[in-house]
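Let us walk through a protein model together, one feature at a time. Bring your questions about cysteines, cores and empty spaces.

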Amino acid sequence: MAATPSAEALLLDNLFWHALTGPQAHFSAGAGDARRFAPGFSPIVGFADPSHPNLDALLPHCAPGEQFYCDGWSGQAPAGWKIDAEARMRKMLWRAPMPARDEAPEALRLGPARLPQIMELVSLTRPGPFGPRTIELGEYFGLVDEASGRLMAMAGERCTAGNLREISGVCTHPDFQGRGLARRLMAKLIRRQMQRGETPVLHVMSINEGACALYLRMGFADHRESVVRVISRS
């Protein structure tokens, strides 16, 4: 007899939908069985049945040419939509003890005043779907170079559903890579989440083997792999 999936596994299988119709519904737009994050947030869509997404229901809520990340769908694009890119993505759950200490006590909480630096770093490193209002979805922390004032690295929280809290926006400026800055920020977030009784989760592109290996060493475990697409209104 097959094992019954855990509540965590069921949520992570379709985290974007559960976030957009649950704790973060006030950040969403859409109707029925289709939702998107509102303009300005991460351009992500979610569906009640991701293998058969009701893309038609999203048409009134999307501008022509607007691009979105869509998880778990591998069918043909219906009229009015096109597939711009496709890749594989790994979903991971934290399965290790809480980090014993805050590894980045000097990290700054990132708010609107740092938005120009945040968006500059995002544009340079492309950590995944990110918009100027994404920092409103959770806590974002950054490490700043004292000499230059530049934002060296950041990490934050995006989706939440049930007791799951997604770590996202993890990136390091090329001039400061190789120092473990992003890993320290992630450990900080993991500790804070677990102190709140939450389970850290993340999504990472399968092709990014270095990041996948790092996350496994840190204490994340693979849950499953899925198709992720970039789609747009034609």
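Reading the model, feature by feature

Q: Before we start, what kind of model is this?

A: It is a predicted model. Please keep that in mind as we go.

Q: How many disulfides does the structure hold?

A: The way to read this is to check the distance between cysteine sulfur atoms, since a disulfide is a pair within 2.5 Å. Here the structure holds zero disulfides. Take Cys-70: the nearest cysteine sulfur belongs to Cys-62 and is 11 Å away. For Cys-212, the nearest one is that of Cys-171, 17 Å away.

Q: Are Cys-70 and Cys-212 buried or exposed?

A: Here we look at relative accessible area, where buried means under 20%. Cys-70 counts as buried because its relative accessibility is 0%. Cys-212 has a relative accessible area of 1%, so Cys-212 is buried too.

Q: How do I look for empty space, and how many cavities of 30 Å³ or more are there?

A: Rolling a probe the size of a water molecule over the atoms shows where empty space is left. In this model the count is one cavity of 30 Å³ or more. The volume of the largest cavity is about 50 Å³.

Q: Which residues line the largest cavity?

A: The lining is made up of Asn-14, Phe-16, Val-45, Gly-46, Phe-47, Pro-50, Cys-70 and Asp-71. Strand 3 (45-47) and strand 4 (67-71) are the elements that give two or more residues to this lining. Strand 3 gives the most, with three residues. By character, the lining residues divide into five nonpolar, two polar and one charged.

Q: And what about the largest pocket: what is its volume?

A: A pocket is an open set of points, whereas a cavity is one the probe cannot get out of. The largest pocket has a volume of about 990 Å³. It is lined by 41 residues, and the closest to its centre are Arg-126, Pro-127, Gly-128, Val-170 and Asn-208. Elements giving two or more residues to the lining include helix 3 (115-125), helix 4 and helix 5. Strand 9 gives the most, with seven residues. The lining of this pocket divides into 23 nonpolar, twelve polar and six charged residues.

Q: Which residues of the largest nonpolar core touch the most other members?

A: To read a core, follow the contacts between buried nonpolar side chains. The largest nonpolar core has 23 residues, and Leu-185, Met-186, Tyr-215 and Phe-220 touch the most other members. Among the elements that each supply at least two residues are strand 5 (81-94), strand 8 (151-161) and helix 5 (209-218). Helix 4 provides the largest share, five residues. Leaving out residues up to four places away in sequence, Met-186 touches Ala-155, Ile-167, Val-170, Leu-202, Tyr-215, Met-218 and Phe-220. There is also a second, separate core of 17 residues, which includes Phe-27, Phe-37, Phe-41 and Leu-137.

Q: Could we finish with one residue: where is Met-154, and what does Met-154 touch?

A: With a single residue, go from its element to its accessibility and then to its contacts. Met-154 lies in strand 8. Its relative accessible area is 0%, so Met-154 is buried. Beyond residues up to four places away in sequence, Met-154 touches several others, including Leu-110, Ile-118, Phe-130, Phe-141, Cys-171 and Leu-185. Val-144 is ten residues from Met-154 along the chain, and their C-alpha atoms are separated by 9.1 Å.

How values were computed. Residues numbered from 1 in each chain as written. Predicted model: local features only at pLDDT ≥ 70, side-chain atom pairs only at ≥ 80, totals over all residues. Heavy atoms only, no water. Buried < 20%, exposed > 50% of the residue type's maximum accessible area, 1.4 Å probe, protein only. 1 Å grid on protein atoms, 1.4 Å probe; cavity = no way out; pocket = protein on both sides within 12 Å on 5 of 7 lines; lining within 4 Å. Points joined across faces, edges and corners; volume = space filled by probe spheres on them. Helix = DSSP H or I, 4+ residues; strand = E, 2+ residues; numbered from the N terminus. Nonpolar A, V, L, I, M, F, W, Y, C, P; charged D, E, K, R; others polar. Core = buried A, V, L, I, M, F, W, Y, C linked by side-chain atoms within 4.5 Å. Contact = heavy atoms within 4.5 Å.
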